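Work through the following exercises with the sequence and the model side by side, and try each task before reading its solution.

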Number of protein chains: 2
Amino acid sequence: MKSQDIISELCLETDSRIVLLVLDGLGDLPQDGKTPLEAAHTPNLDRLAAQSACGLTDPISMGITPGSGPSHLALFGYDPTEYQLGRGILEALGVNVEVGEHDLVARANFATLQDGKIVDRRAGRIPTAENIQLCERINRELTPIEGAETVVFPGMEHRFVVKFTKAGLRDELTDADPQKEGTPPCYSQALTPEAEESAGIVNAFLDRITTILRDQPRANTALMRGFARYPAIPTMQERFRLKPAAIANYPMYRGLSKLVGMEVLPVGSELKDLFEVFEQNYQDFSFFYIHVKKTDSYGEDGNFEAKRAVIEQADAQIPRLLATKPEVLVVTADHSTPCLMKGHSWHPNPFLIHSRLAQPDLVTVFSEKACSQGYLGRFPARNALTLMLAHAAKLQKYGA
Amino acid sequence: MKSQDIISELCLETDSRIVLLVLDGLGDLPQDGKTPLEAAHTPNLDRLAAQSACGLTDPISMGITPGSGPSHLALFGYDPTEYQLGRGILEALGVNVEVGEHDLVARANFATLQDGKIVDRRAGRIPTAENIQLCERINRELTPIEGAETVVFPGMEHRFVVKFTKAGLRDELTDADPQKEGTPPCYSQALTPEAEESAGIVNAFLDRITTILRDQPRANTALMRGFARYPAIPTMQERFRLKPAAIANYPMYRGLSKLVGMEVLPVGSELKDLFEVFEQNYQDFSFFYIHVKKTDSYGEDGNFEAKRAVIEQADAQIPRLLATKPEVLVVTADHSTPCLMKGHSWHPNPFLIHSRLAQPDLVTVFSEKACSQGYLGRFPARNALTLMLAHAAKLQKYGA
């Protein structure tokens with residue numbers, strides 16, 4: 001029996017509450033001897049660490065740098081190597097597109113076709129406003145293709161998402177993207193016999209859009225990559241008997257939460273808004289995922305000072321979480337985003353679990369280094385949810 | 001999807017370089033309060049540890065004492081429980097026998113047969129020189145057996161290796177060894193129907209060799225154990241897109257490296273020769289495995305002082321490795337060989353990884369005890385290669 005099935009069978013529905021605060025991309029490497037987390041003034045997180053059991057988590061496994069999809073799935077208690085999210089799904093979630101069970105999505109670029117060749121794979125990076133207008137026009141002119149409802153959704157600059165809706169669509173499709181410029185457009189190919197119909201629909205769409213855009217100087221065709229269907233993921237209600245809510249102000253994380261069955265609460269764009277929505281909804285859910293994005297964004301920018309400052313802002317909100325007296329409060333990250341690397345990395349995440357039932361350890365500061373000395377040791381992030389359930393008294397005994 | 005397949009798919013071929021220095025059997029237990037590593041004066045390793053991420057590795061799993069084969073396979077990124085090397089293979093590698101895909105090898109002893117019984121399983125431990133002469137004579141007189149080319153290779157004292165070459169040979173064979181003295185010789189038995197032909201060949205060889213040696217007073221028959229075929233192991237090039245080189249002056253380690261696709265560089269017998277060959281070949285490979293054997297040998301001898309001295313000699317060579325500025329330098333061991341035990345043990349190995357992207361931790365000394373406080377925690381040795389690839393920027397992101 002797989003350990004996740006064992007856990008599912010042991011879950012109890014109780015009134016106890018779990019709060020999971022994710023500081024996206026928190027972990028970092030030192031500059032002048034300190035990481036942003038070490039350099040930040042974080043009296044609340046440090047006090048919490050002193051009262052908590054601490055450790056380090058690996059999102060996938062040692063040395064593997066995760067994307068946001070797998071690293072979040074792990075934190076939500078799913079084995080990220082078992083449940084894989086196609087790039088098209090994440091892109092769709094990122095522009096707030098709802099994806100259902102009969103949908104096939106892909107991420108797409110507007111591109112420039114000239115004399116039968118793709119001469120610019122990004123259509124000169126057209127402005128987002130132009131993209132929005134083009135998508136509106138396409139949606140106005142498109143009719144269903146072989147029975148598949150087809151809609152496009154604008155993203156930033158030349159990027160958009162296309163969604164096909166019809167029962168039986170498949171995603172075993174090659175990219176409709178020649179990958180390099182100066183070559184003719186490229187159709188998608190079915191990788192299995194079952195995907196032939198889908199390939200036909202996708203390629204007919206490519207022809208249609210090229211016809212619709214024929215008067216455009218730059219954005220007169222498209223490329224499509226990462227075809228993906230809605231992943232069939234059992235919800236957190238089903239697996240863990242939780243009533244989960246997501247408080248996140250970036251579309252991708254809202255979409256990811258929805259995928260695992262969370263109710264996605266409306267929230268403003270400021271960091272403090274997250275905590276206000278938490279307070280307002282505390283009575284109505286048993287699990288809260290609160291997502292702070294900017295720690296990651298500034299890591300991606302290589303902006304050490306700004307990352308440090310966001311950490312301090314998040315620290316200042318911690319008392320609001322504690323004031324509601326949740327049975328379990330976890331503060332951690334989904335992955336590291338070192339300023340030095342300006343991107344995600346494999347370095348493990350600082351982790352603390354605060355609960356009446358947590359074993360306090362020798363850690364008195366919340367940092368990468370300090371957590372490496374914690375009572376929890378270093379463990380796979382997908383075990384974190386089991387720990388939260390246990391500390392919230394939501395798990396029965398295994399065996400007699 | 002298995003995690004090793006995930007890793008293979010993420011590998012990138014880059015110019016960055018990885019150096020893996022293995023101090024064989026390094027880990028030890030204290031005598032008068034200090035292990036040889038703690039007692040040694042190792043300013044270079046200690047400085048390195050202070051700048052590195054440190055930890056402890058388990059070659060197989062907690063409490064399991066590994067042989068050299070599995071412990072090295074783990075360090076080379078292979079799951080040692082999946083790829084198993086027969087004892088015959090290791091013995092063959094140890095006496096520098098090349099083993100190919102149609103070969104079946106076994107380790108063998110000369111033994112004494114008298115009145116139809118094995119009276120000495122080691123033929124009185126005949127001198128190695130006599131062994132060499134006997135093997136030459138056997139090779140001169142032997143003709144192919146049922147189409148199998150058969151050659152013997154002398155080892156130390158009474159030990160030799162026998163190699164059968166023929167397409168379709170199998171190794172599902174019991175040992176041709178009565179295990180105790182005073183009992184009749186014992187033939188090998190096929191454990192599967194497919195191995196019947198091989199059993200016939202092996203047993204015919206046993207009869208032939210007994211005929212050839214009939215005039216010998218002591219070494220007048222043989223025992224054979226550990227029948228093994230060439231293991232089909234994907235190379236490090238295939239799995240990790242590395243261009244690997246081995247710098248080792250003991251045959252078994254050279255043979256092991258070859259099994260996983262390393263180019264085995266010619267090298268002298270002194271410790272400093274290893275580092276000279278490294279310097280000379282630095283431009284031509286992306287992965288270097290450098291093997292220092294004597295830490296293990298002195299551990300096997302129970303010679304604490306000599307082991308301490310070898311550690312100091314290796315320490316003195318560290319600056320030569322750093323001078324080439326590899327992207328990643330790892331110093332560790334394959335297994336522990338405590339002087340107290342005069343043999344391999346299960347104790348985990350001190351491990352350090354030095355890289356611009358490594359998280360320095362609180363460890364400032366390279367020792368068993370100090371590494372247990374490291375940021376990397378305690379982890380399976382087979383994850384070490386993933387860490388090296390990550391720190392050398394040779395791994396792409398997993399998922400989006």
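The exercises below go from the numbering to helices, sheet, domains, chain contact and single residues.

Residues are numbered from 1 along each chain as its sequence is written, while chains are lettered from A and ligands numbered from 1 in the order in which they are written. The model is predicted, and local features need pLDDT of at least 70, side-chain atom pairs count only at pLDDT 80 or more, and totals for chains, interfaces and linings use all residues.

**Exercise 1. Determine which residues of α5(A) are buried, and what covers them.**

Solution. Begin with the terms: helices (H or I, at least four residues) and strands (E, at least two) are DSSP runs, numbered from the N terminus. A residue is buried if 20 or more other C-beta atoms lie within 10 Å of its own, exposed if 12 or fewer, and partly exposed in between, with C-beta atoms placed from the backbone. On this criterion seven of the eight residues of α5(A) are buried, namely G88(A), I89(A), L90(A), E91(A), A92(A), L93(A) and G94(A). The next step is to look for their cover, which includes α4, β3 (103–114), β6 (159–165), β7 (221–229) and α9 of chain A. Just after α5(A), N96(A) takes a positive phi of about 70 degrees.

**Exercise 2. Describe how α5(A) packs against α9(A), and which residues make the contact.**

Solution. Axes are lines fitted to C-alpha atoms, for helices over the stretch in contact, and angles run from 0 to 180 degrees between N-to-C directions. For α5(A) and α9 (residues 251–259) of chain A, the angle is about 115 degrees and the axes are 7 Å apart. Two residues are in contact if their C-beta atoms, placed from the backbone, lie within 7 Å; here L90(A), L93(A) and G94(A) of α5(A) make the contact with P251(A), M252(A), G255(A) and L256(A) of α9(A). To sort them, Ala, Val, Leu, Ile, Met, Phe, Trp, Tyr, Cys and Pro count as nonpolar, Asp, Glu, Lys and Arg as charged, and the others, Gly among them, as polar. The contact of α5(A) with α9(A) then has five nonpolar, two polar and no charged residues.

**Exercise 3. Classify the crossing of α3(A) and α12(A).**

Solution. The axes of α3 (residues 43–51) and α12 (residues 304–323) of chain A come within 7 Å and cross at roughly 55 degrees. Angles under 35 degrees count as roughly parallel, over 145 as roughly antiparallel, 65 to 115 as roughly perpendicular and the rest as oblique, and α3(A) and α12(A) are therefore oblique to each other. On the α3(A) side the residues are N44(A), L45(A) and L48(A), which meet D315(A), I318(A) and P319(A) in α12(A). By class, this contact has four nonpolar residues, one polar and one charged.

**Exercise 4. Find which strands stand at the edges of the eight-stranded sheet of chain A, and place α9(A) on it.**

Solution. Two strands pair if DSSP finds at least two bridges between them. The sheet is open, with mixed pairing, and its order is β9-β8-β10-β1-β11-β12-β2-β13 (chain A). β9 (263–264) and β13 of chain A stand at the edges, each with a single partner strand, so one side of each is left without a neighbour in the sheet. The partner of β9(A) is β8 (residues 244–248) of chain A, in the parallel sense over two bridges, and A245(A) stands opposite E263(A) in β9(A). Finally, α9(A) lies across β8, β9 and β10 (287–292) of chain A, running at about 170 degrees to β8(A).

**Exercise 5. State how the two domains of chain A meet.**

Solution. Domain bounds come from an automatic or database domain assignment, which for chain A gives domain 1 (3–85 + 233–391) and domain 2 (90–229). Their centres, taken over C-alpha atoms, are separated by 35 Å. The contact takes six residues from domain 1 of chain A and five residues from domain 2 of chain A, and on the domain 1 side the largest share, four residues, comes from α9(A).

**Exercise 6. Give the make-up of the side of chain A that touches chain B.**

Solution. The contact takes 28 residues from chain A and 22 residues from chain B. The elements of chain A that give two or more residues to its side are α4 (68–75), α5 (87–94), α13 (368–371) and β13 (377–380). This side has twelve nonpolar, twelve polar and four charged residues.

**Exercise 7. Is A123(A) buried or exposed?**

Solution. A123(A) is found in the loop between β4 (117–120) and α6 (128–141) of chain A, and has a positive phi of about 50 degrees although it is not a glycine. With 27 other C-beta atoms within 10 Å, A123(A) is buried.
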